[in-house]
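Let's take a walk through this model, stopping at a few helices, a hairpin, a core and some odd backbone angles. Have the viewer open and follow along.

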Amino acid sequence: MLESWVVRPPIRLLAVDIDGTLLNPTFEISPSDRSALLRAHQAGVEVVLATGRRHKFALPIAEQLGFDHWLISSNGAVTRSMSGETFHRDLLPVETCRKLCASMQEFRGNTVLTFDSESKGAIVLEHMRELNGSIKRWLEKNLEYIDFVVPIENSLTTDPVQAMFCGGIARMQQALNALAGNGLDKDITVLRTEYPARDLSIVDVLNTGCSKGHALERWAKYRGIAREQVMAIGDNYNDIEMLAFAGLPFIMGNASEELRGRGWAVTSANDQNGVAAAVEQVLGTAVEV
């Protein structure tokens, strides 16, 4: 029996999404995925986590990898080390956010603002009455950082990281339609994340030109790494720009049919060690033929 080796361009930078990608359906990192990322790190590949989570909320996941690395958080708005060193922030201007809140009156019960702070007030909303399911559980885990401010604009004493609209998929489609017609399209970036099994959708509004893809491109340029040497793994709509930038993009098997049909390499699902499968393929795991 012969063995052949998968040949790929040398990879110097690997960006991995967290939710739906690195985390399995029970919100854990599988031993196989963790080992694959450690192997990449030991082979000299720089690993970064790229997530929609706030930096502080992503840290417990980052620490499980067992080696030091940087995080692109809040969908590209903040790039920061595990020790807290900040490389770049791309905040949403106060006045833009004020206009946004004014134009989205119908969705005040779905509105959450986040700030680059690790104290109470890092997360601001008016109330939690219209937020339930996974979002409510996320908020409950972050209660020490939450402040309730009515009206929410009164919290805008400094530029927020982002505004978020959270709710069921149908409700958030209405929010997306409202955002498309509010006249702010040149001032903001709108990203969405959907989990149909949980009827959960998160619509993130960030500064214009802000995304995981822009942040990854900025980091790669700073590190002197060509996009052909960048690999990215993701599963959702907020990963599109990151996957489009990477020379070697992989979409998870649990991603929507629409995303899996974009021509990117498809790896296994997040309950089948999809991160490990993609990393092992690129690192040149022996395959029997």
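In α6, the buried residues are Met172, Ala175, Leu176 and Leu179, where buried means under 20% relative accessible area, exposed means over 50%, and partly exposed is anything in between (1.4 Å probe, protein chains only). These four cover an arc of only 100 degrees around the axis, so they sit on the same side of α6; the arc is taken from the directions that run from the helix axis to the C-beta atoms. Ala170, Asn177 and Ala180 are exposed on the other side. The cover over the buried residues includes α4 (94-103), β10 (162-167), β11 and β12. Helices here are DSSP runs of H or I with at least four residues, strands are runs of E with at least two, and both are numbered from the N terminus. As for length, α6 spans residues 169-180, and its 12 residues at 1.5 Å each should span 16 Å, which agrees with end C-alpha atoms 16 Å apart; the expected span is 1.5 Å times one less than the number of residues.

A word on ground rules: this is a predicted model, in which local features need pLDDT of at least 70, side-chain atom pairs count only at pLDDT 80 or more, and totals for chains, interfaces and linings use all residues. Residues are numbered from 1 along each chain as its sequence is written, and side-chain values use heavy atoms, with hydrogens and water left out.

Now for β11, one of the elements covering α6. Strand β11 (residues 188-195) is largely enclosed by the rest of the structure, because 6 of its 8 residues are buried. It runs antiparallel to β12 (residues 200-207), with 8 bridges joining the two; strands count as paired if DSSP finds at least two bridges between them. Isoleucine 188, for instance, has asparagine 207 in β12 as its bridge partner. The two strands make a hairpin with 4 residues between them, and aspartate 199 in the turn has a positive phi of about 45 degrees.

Next, helix α2. Its buried residues are Asp33, Ala36, Leu37 and Ala40. They cover an arc of only 95 degrees, which puts them on the same side of the helix, while Pro31 and Gln42 are exposed on the other side. Among the elements covering the buried residues are β2, α1, β3 and α10.

Where does Leu37 turn up again? Leu37 is among the residues with the most contacts inside the largest nonpolar core, along with Leu14, Met231, Ile233 and Val279, and that core has 31 residues. Such a core is a set of buried Ala, Val, Leu, Ile, Met, Phe, Trp, Tyr and Cys residues joined through side-chain atoms within 4.5 Å. Its largest share, 5 residues, comes from α10. Nonpolar side chains tend to be buried together in soluble globular proteins.

Finally, look at the loop between β4 (70-73) and β5 (78-81), home of asparagine 75. Is asparagine 75 buried or exposed? At 0% relative accessibility, asparagine 75 counts as buried. Its side chain makes a polar contact with that of asparagine 238 at 2.8 Å; that means a pair of N or O atoms within 3.5 Å where, within protein, one must be able to donate a hydrogen and the other to accept it, and residues adjacent in sequence count only if both atoms are side-chain atoms. Serine 74, in the same loop between β4 and β5, has a positive phi near 50 degrees without being a glycine.

Terms used. Contact = heavy atoms within 4.5 Å.
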